[in-house]
Amino acid sequence: MADGSTTHHDILVSGGGVAGLTAACAFGSAGFSVLCVDPAPPVTEAAADGADLRSTAFLQPSRAVLEAAGLWDRLAPHAADLQVMRIVEAGGDPPEARSVRDFDAADISDLPFGWNLPNWLLRREMVARIAELPNVAFRPGVATARLFTRETEAIARLSDGTRCRARLVVAADGRNSPVREAAGIGVQTMRYGQKALAFTVTHPIPHQNVSTEIHLSGGPFTLVPLPDLDGRPHSAVVWMEEGPRALDLAQMDRAALEAEMSARSCYHFGPLSLASQITVWPIISQIADRLDGERVALIAEAAHVVPPIGAQGLNMSLADMGCLLELARARPEGLGDAEMLRAYHRRRWADIRLRVTGIDALNRASMAGAPALAALRDRAMRLLHDVRPVRRTLMQAGLGARPARTADGAPAP
Ligand SMILES: Cc1cc2nc3c(=O)[nH]c(=O)nc-3n(C[C@H](O)[C@H](O)[C@H](O)COP(=O)(O)OP(=O)(O)OC[C@H]3O[C@@H](n4cnc5c(N)ncnc54)[C@H](O)[C@@H]3O)c2cc1C
């Protein structure tokens, strides 16, 4: 609804990255009126400048949120199943696989662990879904410039000079979230001096739906299955290294880089051929002091950032959305009020803190290159893998199995 240059919506989603677009689809599909703004228009083709060449492995619990958002049927035809998570401990020069441990989804479920999709394709399908929803407006090229809140509503001044009045502002505006700052919510940040290279490769040996994490030093080298490309097996790669080494790799010519990546992968799927451009991502861990402010809910990287290990980042974000959606549906008249937002913080905080702390520890362990530390890492992994109940519990926790709750919805003690 417009009144001069002011629009009224139930929800303003500030940020149209993968998380913000999903939130707009989810709340729109639930019948709320939504405005989503982002200064950077989404890039929806792999070969275009600025394309996000990462992929997202959606784990089982995220599927329900994608279904509720009306996205799953659009995404499923483009997804590669993740049936097995393989951890390889490598050593030597040139590196070779010293131990291989498989975590098979069949141990805990009839379904795969998850489904992998390229991020640029997610944006394409999400923008198309928003176009189907008359109650959702998406304004790319427009930023949230200022935010004022009071007990009953939020008023955002947008960069095109208009204003938006909303009952709830969902901050999905990334790790440097301007909305988080406007709400006066602090963050704790942990830095590693690491960067991740993200790109896709084809390879002669089929991946057989195995997601493979190879540990040596500097961080893991991960190959995540994608659907075949022109009839050739195809995987998304996330390669974490110390910053200067990552930048050197990103500047190598194609033949030199292919030789380096094939060696670093221990030729697990044979020689790797680069199938995309290369993007470089700084790696940090970060957690906001709170998830709620007056009329404001922080989600996704505005609330938490983790290194890309175990496909947790966006899956935690979808859990944020699932929780907010549940609270909004249960008491729509209380959308964005202090009771709803306190409940959101209470329900999500402990799980987020546990995952940020756990992934921080895994990342530090994975960076270790010294042989004694690598042997320690291998022994710990053997312990976690070889004892069946421990292995099953670990897999369930990695998927984000929901913890038990008390009657008021807080995590059970
Ligand atoms: C290499 C790598 C691999 C990964 N792989 C996985 C994986 O397999 N599985 C998984 O779950 N997660 C994964 N992640 C994490 C996942 O990619 C991120 O969690 C996710 O992309 C972050 O999404 P976001 O929407 O929160 O943030 P962003 O993508 O940063 O989006 C924030 C948006 O906010 C916009 N914005 C900024 N300022 C404003 C403003 N003032 N007003 C409005 N909008 C604004 C920005 O333009 C931007 O578009 C990976 C991360 C990395 C680095």
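**Ligand shell and strand pairing in the predicted model**

Around the ligand stand 29 residues, of which Asp38, Thr144, Glu301, Leu314 and Asn315 come nearest. The model analysed here is predicted. By residue class, the shell around the ligand divides into 15 nonpolar, 10 polar and four charged residues.

Polar contacts to the ligand involve both side-chain and backbone atoms of the protein. In the side chain of Asp38, an N or O atom is 2.5 Å from an oxygen atom of the ligand. Leu314 contributes through its backbone: one of its backbone N or O atoms lies 2.6 Å from a ligand oxygen. A polar backbone atom of Ala57 is 3.2 Å from an oxygen atom of the ligand. The ligand taken alone exposes 1000 Å², and the protein buries 87% of that area. Four elements give two or more residues each to the shell: α1 (18-29), β3 (34-38), β4 and α8 (313-330).

Strand β4 also belongs to a sheet. This open sheet has three strands in the order β4-β8-β5, and their pairing is antiparallel. Its edge strands are β4 (55-59) and β5 (80-82), each of which pairs on one side only. From one strand to the next, the twist averages 30 degrees. Strands β4 and β8 (residues 114-118) run antiparallel and are joined by five bridges. Within this pair, Phe58 has Trp115 of β8 as its bridge partner.

Two helices are associated with these strands. Helix α4 (residues 119-131) packs on the sheet and touches β4 and β8. The direction of α4 makes about 85 degrees with that of β8. Helix α2 (residues 60-68) lies across β4 and β8. Relative to β4, α2 runs at about 100 degrees.

A further set of pairings involves strand β12. Strand β2 (residues 6-14) pairs with β12 (residues 163-171) in the parallel sense, over eight bridges. Here the bridge partner of Leu12 is Val169 in β12. Strand β20 (residues 296-298) is likewise parallel to β12, and three bridges connect the two. In this pairing, Ala171 stands opposite Leu298 of β20. The pairing of β11 (residues 154-158) with β12 is antiparallel and extends over four bridges. Ile155 stands opposite Arg165 in β12. Strands β11 and β12 form a hairpin with four residues between the strands. In this hairpin, Gly161 takes a positive phi near 90 degrees.

Backbone geometry is notable at two other loop positions. The peptide bond from Asp93 to Pro94 is cis, and its omega is near 0 degrees. Pro94 lies in the loop that separates β6 (84-91) from β7 (96-104). Asp230 is not a glycine, yet its phi is positive, at about 50 degrees. This residue is found in the loop between β15 (221-229) and β16 (232-242).

In the predicted model, β4 thus appears in two settings. It gives two or more residues to the ligand shell, and it is an edge strand of the open sheet.

Methods. Residues are numbered from 1 along each chain as its sequence is written. This is a predicted model: local features need pLDDT of at least 70, side-chain atom pairs count only at pLDDT 80 or more; totals for chains, interfaces and linings use all residues. Side-chain values use heavy atoms; hydrogens and water are left out. Two strands pair if DSSP finds at least two bridges between them. Axes are lines fitted to C-alpha atoms, for helices over the stretch in contact, and angles run from 0 to 180 degrees between N-to-C directions. Contact means heavy atoms within 4.5 Å. A residue is near a molecule or strand if one of its heavy atoms lies within 4 Å of it. A polar contact is a pair of N or O atoms within 3.5 Å; within protein, one must be able to donate a hydrogen and the other to accept it, and residues adjacent in sequence count only if both atoms are side-chain atoms. Accessible areas come from the Shrake-Rupley method with a 1.4 Å probe; for residues, only the protein chains shown count as cover. Ala, Val, Leu, Ile, Met, Phe, Trp, Tyr, Cys and Pro count as nonpolar, Asp, Glu, Lys and Arg as charged, and the others, Gly among them, as polar.
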